[in-house]
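Trainee: I have a structure to read and many terms to learn. Can we take them one at a time?
Mentor: Let us look at it together.

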Amino acid sequence: MKKTTIIKLGGAEGVDFSAICQDVTTLLEAGQRLVLVHGGSAEATALGESTGHPPRFVTSPSGFTSRYTDHQTLEVFAMAVNGKINTLLVEQLQQLGVNALGLSGLDGQLLVAKRKSAIRIVENGKRKILRDDYTGKIEQVNTELLTTLLKGGYTPVVAPMAVSHKGEALNVDADRAAATIAASLHADILLLLTAVPGLLRDFPDESSLITHLSRSQLEDAFQIAQGRMKKKVLGAQEALEGGAGKVIIADGRVEKPISNALAGHGTVIA
Ligand code: ADP
């Protein structure tokens, strides 16, 4: 059977999309089935700021940060992430001869999520509830759509949006979207490429890279991961529990980022 790898491309500065796309061609030639999922947080922030709608980042009582997404923020997010990043990634892949197909989780109900219209946050030590949020937790993946595309020879490139049970467009976390897709396809590998070499025991000291983690060590990893790294650890846990083979968090800033990660560089969680 063909190996299936889900690759999530981080949005942080330094992550080299063209090196990743180049490496995608190598894996496809070797017969792998690939699904790409991208973020776009930085791009959405920049577009929001330049159009007079800067984002508001909020922290949940359990310490997870997210973008508060009112409808205008959702529109900005869609323009930046689904509009620009997705299109330009597909363009790069097409130029390399890869028949990439861009879609977001709304298309064909690829990702169905439960809308969290009210979210709990902690601000200046006080708990608050924010309403009119358009974010969601993914509950269903249209696995058949993905397998149909893969069988047809397409390489799906997924933007992190989902459709609610009422048909609303929602912003979802890209790491967890990739994790849910990896679980639904029982992927061999979920690869999270980011702007650090992996999970660092002592962030930002890059020499403190944790090279291997077992599932039972994931609880410790939650303590070590700060900020947005927490979502990657959560994604890793969800992917493994859902049936993915292993998860690798690795550097997206290096030459041949995918081959490098598959050769064992990064944090391997299995
Ligand atoms: P991406 O855009 O690639 O999804 P994020 O910026 O959302 O990446 O998350 C990765 C970031 O998490 C790292 O760049 C780093 O700043 C931060 N981080 C926090 N704690 C850790 C840790 N223990 N190890 C590695 N990175 C960490």
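Trainee: Which of the 18 residues around the ligand come nearest?
Mentor: K8, T194, L200, R228 and K232 come nearest. A residue counts as near if one of its heavy atoms lies within 4 Å of the molecule. Keep in mind that this is a predicted model: local features need pLDDT of at least 70, side-chain atom pairs count only at pLDDT 80 or more, and totals for chains, interfaces and linings use all residues. Residues are numbered from 1 along each chain as its sequence is written, and side-chain values use heavy atoms, with hydrogens and water left out.

Trainee: What makes the pair between a ligand nitrogen and the backbone of L200 a polar contact?
Mentor: A polar contact is a pair of N or O atoms within 3.5 Å; within protein, one must be able to donate a hydrogen and the other to accept it, and residues adjacent in sequence count only if both atoms are side-chain atoms. A nitrogen atom of the ligand is 2.8 Å from a polar backbone atom of L200, so the pair meets the distance limit. A ligand nitrogen is also 3.0 Å from a polar backbone atom of Q226. An oxygen atom of the ligand is 2.6 Å from an N or O atom in the side chain of R228.

Trainee: Now the helices. Why is α2 called oblique to α3?
Mentor: Helices are DSSP runs of H or I, at least four residues, and strands are runs of E, at least two; both are numbered from the N terminus. The axes of α2 (residues 41-50) and α3 (residues 71-95) come within 8 Å and cross at roughly 125 degrees. Axes are lines fitted to C-alpha atoms, for helices over the stretch in contact, and angles run from 0 to 180 degrees between N-to-C directions. Under 35 degrees is roughly parallel, over 145 roughly antiparallel, 65 to 115 roughly perpendicular, and the rest oblique. Therefore α2 is oblique to α3.

Trainee: Which residues make that contact?
Mentor: On α2, they are E43, A44, L47 and G48. On α3, they are V76, F77, M79, A80, V81, K84 and I85. Contact means heavy atoms within 4.5 Å. By class, the contact of α2 with α3 has eight nonpolar, one polar and two charged residues.

Trainee: How do you know that α5 is roughly parallel to α7?
Mentor: The axes of α5 (residues 174-184) and α7 (residues 229-242) come within 8 Å and cross at roughly 10 degrees. That angle makes α5 roughly parallel to α7.

Trainee: What about α1 and α3: at what angle do they pack?
Mentor: Helix α1 (residues 17-29) packs against α3 at about 45 degrees, with the axes 9 Å apart. These two helices are therefore oblique to each other. The contact is made by F17, S18, C21 and V24 of α1 and I85, L89, Q92 and L93 of α3.

Trainee: Which peptide bond is cis, and where is its proline?
Mentor: The bond from F203 to P204 is cis, with omega near 5 degrees. P204 is in the loop between β13 (189-194) and β14 (212-213).

Trainee: What is the phi of N124?
Mentor: Phi of N124 is near 50 degrees, a positive value in a residue other than glycine. N124 lies in the loop between β7 (119-123) and β8 (126-130).

Methods. Ala, Val, Leu, Ile, Met, Phe, Trp, Tyr, Cys and Pro count as nonpolar, Asp, Glu, Lys and Arg as charged, and the others, Gly among them, as polar.
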